[in-house]
Structure formats: C-alpha cells, structure tokens
Amino acid sequence: MARQLSLPINRQPLSEQVYHQIKKLILTGQLEQGTRLTEKTLAQDLGISPTPVRESLRRLYADGLVELQPYKGVIVRSVKPEEVLEAFACREALEGLAGASAAKAIDAEGIERLRDILARTLQEESRDALVKLNEEFHQVILEYAQNRRLTLLLDTLQDIIRFRRQLAAYNPEYKGSIYRQHSAIADALEEKDSAKASLLLQEHIQDSAASFAQEIHGNKKSSN
C-alpha cells in the first residue's frame, strides 16, 4: 500500500481508531473500490499488530464496505447504483421517523444549532464543506430523536451513499435547494409539528435520491 497511514491521538480503543481510519480512507476514495486489503500491510502501515486490523476488517465487512473474494482476500467493495437507491429508500423512511421524534424533544438550543448551520451553509462555497454541513444538520436532528438504534441504522445507510458518491459527486448548484428544504424542516421542528417535520424530511431525501439518479443517467450518457 503506497501511503503512510497514521492514527489520531485520542482515548478511543485502538481497534476503534483503526476501524474509523480505514473506513475514512474507503469513504473518501483514498482506498479505491477493488483495492485489496491485507492485515499485514495495513498493520505495518499503521505501526500496530494485526489483531485490531483484523477486528476492523470484520466490522467493515458487516458495514458492507469490503468483501471477501476467493484467491484475493479482502477487497474494497464496488457498490452498485441500485444499492445506493435502495439505501435512499430506506433512509427516507427512517429520516421521517427521526424528524417526528425530534420535533417532540428539540429545545431552543437545538433550533439555534440548526439555524447556525443554515447560516454557515449560505456563506460556504466549498463542495466538501457543504456536504459536511448537510450531514451536521441531520446529525442534530438524530441527536434529538433520542433513538440509538435509529442512529446506527441511518449511519450505515449514509456510509453506503457516501461511499458511492465519495463526496466529489456533490453538486454545489443544489445549495439553494438544500438551504430552502433545511430551513423549512427547521421551522417545522421549531413549531413542534411532528407530521410536517417527518414529511419534509422524507421529501428532502426523495430529492437527494432523484439527484443521484440524474447523476447516474448523466454518467451513462457521457460514457456512450
């Protein structure tokens, strides 16, 4: 593996640090789809024993980010567009549940955090920064939904979506649309309107899925 890996200094267990580091490399495309991953090479690059690497690869397999192929071992999966659209469909239902739950529990501080993200969205032009702000907005809602299992499920679905798009496919032209949708969602949450918040979040995810479908269609056209 032609890269020098390093682990952040924190208090997380070593296996947890290794898992998040390898996962980040996959989700950002630094470890490309089809790349072979070996415990020995990863352990050497990270300067650790193979055991936490082995545990991390098992978790990444459960996440659907790597697969085991005969005679090749563990490789980074190639996620099909159909899988991403399936993930969007599941996410649509779960985000609706998150919105309905968050509307019942969110307080003034939570609304203020959402408004702050909206303000930063208007000022930001960086593609990657806009993606992170979008995710931050949804994370605040999940926090107030107060459902750990829901959070885990949505995190897994978002990993699949992010993995396929690898952030670079995000189009800044959608900034105005995303801002308007997020603003309406924040209004519904502030009004404690669970049904409206749920519906708006579902429509928001539907729009994201439609945008992804257009990207696929556009890529197919350009390759013909």
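A salt bridge is a side-chain nitrogen of Lys or Arg within 4 Å of a carboxyl oxygen of Asp or Glu. I begin there, good morning, since Glu-67, Arg-77 and Glu-83 are linked in a network of such salt bridges. The model that I am presenting is predicted.

Let me stay with that network for a moment. Within it, Arg-77 and Glu-83 join through their side chains, with N and O at 2.9 Å. Are these two residues buried or exposed to some degree? Arg-77 has a relative accessibility of 17%, so this residue counts as buried. Glu-83, at 23%, counts as partly exposed. The cut-off that separates the two cases is 20% relative accessible area.

Next, the overall plan. The protein contains nine helices and three strands. Read from the N terminus, the order of these elements is α-β-α-α-β-β-α-α-α-α-α-α. Of the 224 residues in the protein, 42% are buried. The protein exposes about 12300 Å², and 50% of that area is supplied by carbon and sulfur atoms. If we take the contacts between residues at least 6 apart in sequence, 74% of them join residues at least 24 apart.

I now turn to the interior. The largest nonpolar core comprises 56 residues. Which residues have the most contacts inside this core? They are Ile-26, Leu-37, Leu-60, Leu-114, Ile-141 and Leu-189. Please look at Leu-60 in particular. Apart from neighbours within four places in sequence, Leu-60 is in contact with Tyr-19, Ile-22, Lys-23, Ile-26, Leu-65 and Val-66.

One of those partners, Lys-23, leads us back to salt bridges. By the rule that I gave at the start, the protein has 12 salt bridges. In one of them, Asp-159 pairs with Lys-23, and the closest N and O atoms are 2.6 Å apart. Why does this pair tie together parts that are 136 residues apart in sequence? The reason is that Asp-159 lies in helix α7 (residues 148-165), whereas Lys-23 lies in helix α1 (residues 14-27). Both partners carry charged side chains by the terms of the definition, yet Asp-159 is buried, with a relative accessible area of 6%. Lys-23 also counts as buried, at 13% relative accessibility.

A second pair lies within a single helix. Glu-95 and Arg-91 form a salt bridge whose closest N and O atoms are 3.1 Å apart. These two residues stand four residues apart in helix α4 (residues 81-105), and therefore about one helical turn separates them. Glu-95 and Arg-91 are both buried.

Arg-91 has a further partner, Gln-158, which is placed in helix α7. The side chains of Gln-158 and Arg-91 are joined by a polar contact of 3.0 Å. Another polar contact, of 3.4 Å, joins the side chain of Gln-158 to that of Glu-135. Once neighbours within four places in sequence are set aside, the residues in contact with Gln-158 are Arg-91 and Glu-135. Gln-158 is itself buried, with a relative accessible area of 13%.

Let us now consider two helices as whole elements. Helix α6 covers residues 127-145. How many ångströms should its 19 residues span? At 1.5 Å a residue, the expected span is 27 Å, and the end C-alpha atoms are 28 Å apart, which agrees. The buried residues of α6 include Leu-130, Phe-137, His-138, Ile-141 and Tyr-144. Ile-141 was also named among the core residues with the most contacts. After α6 comes Gln-146, whose phi is positive, near 55°.

Helix α8 (residues 175-190) has 16 residues. From first C-alpha to last, α8 reaches 22 Å, close to the 22 Å expected at 1.5 Å a residue. Among its buried residues are Lys-175, Gln-181, His-182, Ile-185 and Leu-189. Leu-189 is another of the core residues with the most contacts. Following α8 is Lys-192, with a positive phi near 60°.

My last stop is Pro-50, in helix α3 (residues 50-63). With a relative accessibility of 34%, Pro-50 counts as partly exposed. Which residues does Pro-50 touch, leaving out those up to four places away in sequence? They are Glu-39 and Ala-43. Pro-50 and Lys-40 are 10 residues apart in sequence, and their C-alpha atoms are 6.1 Å apart in space.

Thank you for your attention.

Note on methods:
Residues are numbered from 1 along each chain as its sequence is written. This is a predicted model: local features need pLDDT of at least 70, side-chain atom pairs count only at pLDDT 80 or more; totals for chains, interfaces and linings use all residues. Side-chain values use heavy atoms; hydrogens and water are left out. The expected span of a helix is 1.5 Å times one less than its number of residues. Buried means under 20% relative accessible area, exposed over 50%, partly exposed in between (1.4 Å probe, protein chains only). A nonpolar core is a set of buried Ala, Val, Leu, Ile, Met, Phe, Trp, Tyr and Cys residues joined through side-chain atoms within 4.5 Å. Contact means heavy atoms within 4.5 Å. Accessible areas come from the Shrake-Rupley method with a 1.4 Å probe; for residues, only the protein chains shown count as cover. A polar contact is a pair of N or O atoms within 3.5 Å; within protein, one must be able to donate a hydrogen and the other to accept it, and residues adjacent in sequence count only if both atoms are side-chain atoms.
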